[in-house]
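Student: Before we discuss any assignment, could you show me the model, so that each term can be set against its cut-off?

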Amino acid sequence: MERSQGWTAKVTECSAGLSQIFRMLKTQHMLLLLCLVGAANALYKQWIPDTNYENKTNWDKGAVPCGNDIAQFSAQRKVSVFVETLHAVKEMRLPVDGEFILNSGAGFFVLPGQEPGCGQGVATKFKDSDSLQWFDPALWQGAATLDDLQRGNVLFSVHEERVPCQYDDVVFKALSSFKVDTSSSQSSIPVKSVSVLGKKFDSGSEFSQYLSSHTGRLQFHGSSAVTVGNPGCGDPSGCECGNSVNHERICGSVKCAALNCKMPLSPVGHCCEVCGAIVTVHYAGGFNMQTYRQRIHNLFLILPQYKSIQLGISKVSRSQRLLVIFPFGASPEIQVTILDGGDGTQAEALAWDIVKDVRTHGSHLGITEAEFQASSGNSSDQSAGSVGMVVGVVLGVLITIVLILIAVALVRRGVIQMPSVRLSLSSFKRNSDIGELGGPLDHGFANPMFDNLNTLPNIPDLHNSISITQTGGVYFVNPVYDENETDFNA
C-alpha cells in the first residue's frame, strides 16, 4: 500500500470475540422478535446503501479491485469502509482520514506476480458517499419485523413514512459500514433506537458517546443529530409519523412519474399524485392497526389478482369541514393507499373488497365506517356524497339568509345602530358662475347672431332668415342652400 506523507488510516479488526458478540446479538434479536409479533406498529427502517469494500456498486468501474488493480480512495474524503474477506491488491491509495473495519479473517495482501484472471490491471476509485441524505426516501426500506427485513418482505409506505418516523427502530446492516448526511431544518432527529454493527442503541447517553467516536463521526455527518430513546407508539390504533415538518426536504429528491388516469389522487404524506385508490377508515375503540394490516394481507394481498398491488397503511390527520364548507379542526383517521403500477383498475377493485369487508365485519374490528376514492373518478358511494354536498351547500345558503334577516330585524328594533350618512342637496345645485371645479363657468365664445337679436347689424332680409318657434327653438335659414333664395352672384 502506498501512502503520501500526512495520510493516515485507522484499521480496526473485528476479533473472534466480536464475532461471538454478533452471534449473541442475533440470538437476542430473534428473542426480541418473538416478543414483538403481537406488538402494534413496531416498524423497522433499514438504511440501504453501504460503504462495504465488497460492494461492486461502490467502485467506479463496477467491479471490486483484484490483485492487478490499484484501489484508490479520494484524498480529501472521510470514509469508514467495512471489509468482510481477504483481498489481493497491487496498490492502495488511502485518504487523509478514514478507517477499515475488518471482519474476522479479512485483510489485504500483495501478490508477487500477476493474479490470473484479473486482466492487465486498472485504477479503480471508491465512490463518494457524502451526498447520501437521511431524508431521501429511496434510501430506506421498512418492515414489521427484523425477520421480514432479512427476508426482503418490506412494506410499501408513503414517502414521509419511508424515512424513519419518531417511533421507529433504525437498522444499519450488521456486517457493513455507511455514511449518511443528517442535515435538516430541525436540530435533532428523534427515533426509538439505532442499530449499528450489530449493536442496538436505545440509550441517549450511550449513543451520543458513539456519535462522538471516530467511527461515529465518519458514519454520521450533517447539521442535525440523531437521538434515540424516544418511546414507542403506545396507541394500538397507530401513531402519526411526525415527518411532515420535513416534507419539502423529503420530496426534494423524489421524481414523480407521468400518470395515465382520469383523476390522480394525492395521499397524505406522499410527494406525488398517484393512480390507484385511497380507502379512508374511521375507527373507534378496539381498533388495532397491526391486526388490521395483517388482516388485509391474509385476506386480499395473497390473492393472485392482487399480486402486483402496493398497499400502505398510515394514520393521518385530515381537516374537518362543517357543512362541507367551514373548516373547524382535524381528526385522526386511517389512510390505506393502494397502487397497482397501472391505471388503477386493480387498486379500485381491492378498495371495493376492503370497503365490503368493513361493512360486514367492521364492528368486530373497531371500525365504524370506510369509504374510498379511485383515480378513475369512482367512489364507494358517489350518490350519497353528491347529495351530501348539495345538502351542505343548501344549508349553508339558508343559514346565511337567516343571519341576514336577523341582522335586519335587530337594526329595525334599534339593537344595532347603523352609521348615518347625510347628503346636502345644496351641493348639487347648479351655479351659473361656478364651474365643476370651482371656477367661473365657461360660456364659450359670444355669438352675436343668437345671443341677442337686437345687436344684429341691419342687413336686408337677415331677420327673415331667422325663425323663432313657439317652443322656444331658434333656427337659421342659410340662403346659400335655400332653394327659394337667389344666388348671391347674380
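Tutor: A disulfide is a pair of cysteine sulfur atoms within 2.5 Å, and with bonded cysteines counted along the chain, the disulfides here follow the pattern 1-2, 3-6, 4-5, 7-10, 8-11, 9-12. This is a predicted model, in which local features need pLDDT of at least 70 and side-chain atom pairs count only at pLDDT 80 or more, while totals for chains, interfaces and linings use all residues. Residues are numbered from 1 along each chain as its sequence is written, and side-chain values use heavy atoms, with hydrogens and water left out.

Student: What makes Cys251 and Cys271 a disulfide?

Tutor: Their S to S distance is 2.0 Å, which falls within the 2.5 Å limit, and therefore the pair qualifies. The torsion about the S-S bond is about -85°, so this disulfide is left-handed. Cys251 lies in helix H6 (residues 247–251) and Cys271 in the loop between H6 and strand E18 (276–283), so the pair ties together parts that are 20 residues apart in sequence. Helices (H or I, at least four residues) and strands (E, at least two) are DSSP runs, numbered from the N terminus.

Student: Why is Cys272 called buried, and what is Cys256 called?

Tutor: Buried means under 20% relative accessible area, exposed over 50%, and partly exposed in between, computed with a 1.4 Å probe on protein chains only. Cys272 has a relative accessible area of 10%, and is therefore buried, whereas Cys256, at 49%, counts as partly exposed. These two cysteines form a disulfide, with their sulfur atoms 2.0 Å apart.

Student: Why does Asp50 count as buried, and how do you know that its side chain makes polar contacts?

Tutor: Asp50, found in the loop between E2 and strand E3 (70–72), has 11% relative accessibility and so counts as buried. A polar contact is a pair of N or O atoms within 3.5 Å; within protein, one must be able to donate a hydrogen and the other to accept it, and residues adjacent in sequence count only if both atoms are side-chain atoms. The side chain of Asp50 makes such contacts with the side chains of Asn55 (3.0 Å) and Asn58 (3.1 Å).

Student: What makes strand E2 paired with E10 and with E11?

Tutor: Two strands pair if DSSP finds at least two bridges between them. Four bridges join E2 (residues 44–47) to the antiparallel strand E10 (residues 140–143), and three join E2 to the parallel strand E11 (residues 169–171), so both pairs satisfy the criterion. Gln46 has Gln141 as its bridge partner in E10, while Lys45 stands opposite Val170 in E11.
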